Amino acid sequence: MIRVNFEKNYKDWQIIDDDETIIKATKPKWYSSEVRFFYNGKTYQLKKKSFWKSTIEILQGGQIIGSITNSYMTGYKVNIVNTQKTYSLSQVNKGGMWKTEKEYTFNEIGPKPIFIIKYSKKNFSKENIEIEKINLDNSSYDLIMYGLSLMRLTQMAESAAATPTFYG
């Protein structure tokens, strides 16, 4: 089981498999949505294309290798240019009244499940995230970062939709 370890108020985190850190990630600025991570000796960035657009560019060494897009009809998708593969995220809610448990399945469009993100938060405490591999190759752990990004975007969209709006 792969786990995610958060540090410094969710500014830095690590993906750990069998007590070995595979990916180190950081948010350079607390107010920014940009994420930088290091995997296989390469630097990756997830960065919004512009303030006015919802598209997130995936960069490797400064070169665009993909994007995360959102459509009202299809939801969030990860598009990787060099492999011409597209990925999406599906969600199943679990848990009870005082705990939040969800399972997010990261799928290659087809649908072919790649891995499952098991998310839980009990009694408003610290988040616990574990990842169960299904068809995840050891050389493509960068997909975990894209899946975690889709999970966060989905959670933000859900919390925005749940906020009551008062007109008057």
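User: How many bridges join strand 3 to strand 4?

Analyst: The model is predicted, so local features need pLDDT of at least 70 and side-chain atom pairs count only at pLDDT 80 or more, while totals for chains, interfaces and linings use all residues. Residues are numbered from 1 along each chain as its sequence is written, and side-chain values use heavy atoms, with hydrogens and water left out. Strands (E, at least two residues) are DSSP runs numbered from the N terminus, as are helices (H or I, at least four), and two strands pair if DSSP finds at least two bridges between them. Strand 3 (residues 20-26) runs antiparallel to strand 4, and the number of bridges joining them is three.

User: Which residue in strand 5 stands opposite Phe 37?

Analyst: Strand 4 also pairs with strand 5 (residues 42-48), in the antiparallel sense and over five bridges. On the strand 3 side, Phe 37 is the bridge partner of Ala 25. In strand 5, the residue opposite Phe 37 is Tyr 44.

User: Which side chains of strand 4 point to the buried face?

Analyst: Buried means under 20% relative accessible area, exposed over 50% and partly exposed in between, with a 1.4 Å probe and protein chains only. The side chains of strand 4 (residues 35-39) alternate, and Arg 36 and Phe 38 point to the face that is not buried. The buried ones on the other face are Val 35, Phe 37 and Tyr 39.

User: Are the rings of Tyr 87 and Phe 106 stacked or tilted?

Analyst: Rings of Phe, Tyr and Trp (its six-membered ring) pair if their centres lie within 6.5 Å; planes under 30 degrees apart count as stacked, over 60 as edge-to-face and the rest as tilted. The search of the whole structure finds six aromatic pairs. The centres of Tyr 87 and Phe 106 are 5.1 Å apart and the planes are at 15°, so this pair is stacked.

User: Where in the chain do Tyr 87 and Phe 106 lie?

Analyst: Tyr 87 is buried at a relative accessible area of 6%, and Phe 106 is buried at 0%. The pair links distant parts of the chain, 19 residues apart. Tyr 87 lies in strand 9 (residues 85-94) and Phe 106 in strand 10 (residues 99-108).

User: Which residues touch the most other members of the largest nonpolar core?

Analyst: A nonpolar core is a set of buried Ala, Val, Leu, Ile, Met, Phe, Trp, Tyr and Cys residues joined through side-chain atoms within 4.5 Å. The largest one has 38 residues, and those touching the most other members are Phe 106, Met 145 and Tyr 146.
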